[in-house]
Amino acid sequence: MIADFLYSIDKAVFRFLNRTIANPVLDAVMPFITEEEHWIAPIVLGILALVIFGGRRGRITVALAVVILVFSDQIVNFVIKPLVGRDRPCFVLEQVRLLIRQPHSRSFPSSHAANTAAMACLFWVRYRRWGWAVAVVAFCVGLSRIVVGVHYPSDMAAGFLAGGLIAWAVLRAWRTAEDLASRRGVRKN
């Protein structure tokens, strides 16, 4: 049926990205991109820059990032993944090139994709000139999850969509609260 057809496309794209285009450069770069600990220093530096040099706008952006990431991570990992219950391709498909340790959580949607897409949306709205750079990082992180063998392409697409929607909802709530505060005479950002 339609679900089988879509899954066959998902598998074909996965195999292309995981096996067909495999090469030593991607084998070295993609595991580096996909591992969260490699992003700690740039994230900490970004947070410090926003807090120290970004003024009120920077501090609000950091606060919004925390709220968005909490919602994104919790909704994806503790609501959607258990509801869908999809196994990772490295546990289901044969001859998967697994370039990192096998995660034992569910596959759909990707929380890496959701969280990075949520940050891309936040920066697109708050710092448009940096939004494109964060979007490129989000895309690379999402692609890396397929190349290293732990997610299907549809996991990425769903993660990007979930993260974007969650960021939009939090930003919309913030804008509403900001508008209400300005009507009451509170200083607006």
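Is V51 buried, partly exposed or exposed? The relative accessibility of V51 is 34%, and because buried means under 20% and exposed over 50%, V51 counts as partly exposed. The model in which this value was computed is a predicted one.

V51 belongs to helix α3, which covers residues 40-53. The residue is also part of a nonpolar patch on the surface. The other members of this patch are I40, I43, V44, L45, I47, L48, I52 and F53. Together with V51 they present about 880 Å² of accessible area. Something can be said in general about spacing along such an element. An α-helix has 3.6 residues a turn, so residues three or four places apart point the same way.

The next step is the protein as a whole. It has eight helices and zero strands, so the order of elements from the N terminus is α-α-α-α-α-α-α-α. The C-alpha trace spans about 60 × 35 × 25 Å along its principal axes. The chain has 189 residues, and 38% of them count as buried. The accessible surface comes to about 10,900 Å², and carbon and sulfur atoms account for 69% of that area. Contacts can also be sorted by how far apart the partners are in sequence. Among contacts between residues at least 6 apart, 77% join residues at least 24 apart.

Helix α4, residues 55-84, holds S72. With a relative accessible area of 0%, S72 is buried. Which residues does S72 touch, not counting those up to four places away in sequence? They are A114, N115, A118, G163 and I166. A114, N115 and A118 fall within the range of helix α6, residues 111-126, while G163 and I166 fall within that of helix α8, residues 153-183.

Helix α6 itself has 16 residues. From its first C-alpha to its last it reaches 22 Å, close to the 22 Å expected at 1.5 Å a residue. Most of α6 is covered, with 13 of its 16 residues buried. At the start of this helix, a side-chain oxygen of S110 comes to within 3.3 Å of the backbone nitrogen of H112.

Back in helix α4 there is also K81. Is K81 buried or exposed? Its relative accessible area is 3%, so K81 is buried. Leaving aside neighbours within four places in sequence, K81 is in contact with V76, R88, S105, R106, S107, F108, P109, S111 and H151. One of these partners can be described further: the side chain of K81 reaches the backbone oxygen of R106 at 3.1 Å. The C-alpha atoms of K81 and R101, which are 20 residues apart along the chain, are separated by 19 Å.

Charged side chains come next. How many salt bridges does a search of the whole structure find? The search finds five. One of them is between the side chains of D10 and R86, at 2.8 Å from N to O. D10 lies in helix α1 (residues 2-20) and R86 in the loop between α4 and α5, so this pair ties together parts that are 76 residues apart in sequence. D10 counts as buried because its relative accessibility is 8%. R86, at 17%, therefore counts as buried too, as the limit is under 20%.

R86 also meets the side chain of D155 in a salt bridge, at 2.9 Å from N to O. This pair links distant parts of the chain, with R86 in the loop between α4 and α5 and D155 in helix α8, 69 residues apart. Like R86, D155 is buried.

Another salt bridge joins R106 and D87, whose closest N and O atoms are 2.3 Å apart. Here R106 sits in the loop between α5 and α6 and D87 in the loop between α4 and α5, and the two are 19 residues apart. R106 is partly exposed because its relative accessible area is 36%, and D87, with 38%, is partly exposed as well. As for shared partners, salt bridges join D10, R86 and D155 into one network.

Methods. Residues numbered from 1 in each chain as written. Predicted model: local features only at pLDDT ≥ 70, side-chain atom pairs only at ≥ 80, totals over all residues. Heavy atoms only, no water. Helix = DSSP H or I, 4+ residues; strand = E, 2+ residues; numbered from the N terminus. Expected span 1.5 Å × (residues − 1). Buried < 20%, exposed > 50% of the residue type's maximum accessible area, 1.4 Å probe, protein only. Polar contact = N/O pair within 3.5 Å; in protein donor to acceptor, adjacent residues only side chain to side chain. Patch = residues over 30% accessible without salt bridge, like charges linked within 9 Å, V, L, I, M, F, W, Y side chains within 5 Å. Areas by Shrake-Rupley, 256 points an atom, 1.4 Å probe, with all protein chains shown as cover. Salt bridge = Lys/Arg side-chain N within 4 Å of Asp/Glu carboxyl O. Contact = heavy atoms within 4.5 Å.
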